[in-house]
Amino acid sequence: MNDQQVCIAGDIGGTNARFAICDPNTGFHSEKSFKCTDFGSLTEALKHYLAMTNTPSINQLCLAVAGPIRDN
């Protein structure tokens, strides 16, 4: 990955949204966690993270998103 490519990893749960910048050479950095109730959408939370980390754009995004589990 060159200096202009940015990959964001995220874990979106029912309570918290967590984001980090991933770098294949150095691993994860700039980890931040936010309460989901502080944002109206995933997009708002991600934009807030990008602003906090001074990341103007991304090339790749990988998200793990929680969902309901049903016992049928």
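This tour moves from a four-stranded sheet to a helix and then to one tyrosine in that helix.

The model is predicted: local features need pLDDT of at least 70, side-chain atom pairs count only at pLDDT 80 or more, and totals for chains, interfaces and linings use all residues. Residues are numbered from 1 along each chain as its sequence is written, and side-chain values use heavy atoms, with hydrogens and water left out.

**The sheet.** Select the four strands, which form an open sheet of mixed pairing in the order S3-S2-S1-S4. Strands (E, at least two residues) and helices (H or I, at least four) are DSSP runs, numbered from the N terminus; two strands pair if DSSP finds at least two bridges between them. At the edges, strand S3 (27–35) and strand S4 (60–65) each pair on one side only. Next, select strand S1 (residues 7–12), which pairs with S4 in the parallel sense over six bridges. Cys 7 stands opposite Gln 60 in S4.

**The helix.** Now select helix H1 (residues 42–52). Helix H1 packs on the sheet and touches S1, strand S2 (16–23), S3 and S4, where contact means heavy atoms within 4.5 Å.

**Tyr 49.** Finally, select Tyr 49 in H1. Is this residue buried or exposed? Tyr 49 counts as buried because its relative accessibility is 0%; buried means under 20% relative accessible area, exposed over 50%, and partly exposed in between (1.4 Å probe, protein chains only). Residues that Tyr 49 touches, not counting those up to four places away in sequence, include Ile 8, Phe 19 and Phe 34. Its side chain reaches the backbone nitrogen of Ile 21 at 3.3 Å.

Note on methods. A polar contact is a pair of N or O atoms within 3.5 Å; within protein, one must be able to donate a hydrogen and the other to accept it, and residues adjacent in sequence count only if both atoms are side-chain atoms. Axes are lines fitted to C-alpha atoms, for helices over the stretch in contact, and angles run from 0 to 180 degrees between N-to-C directions.
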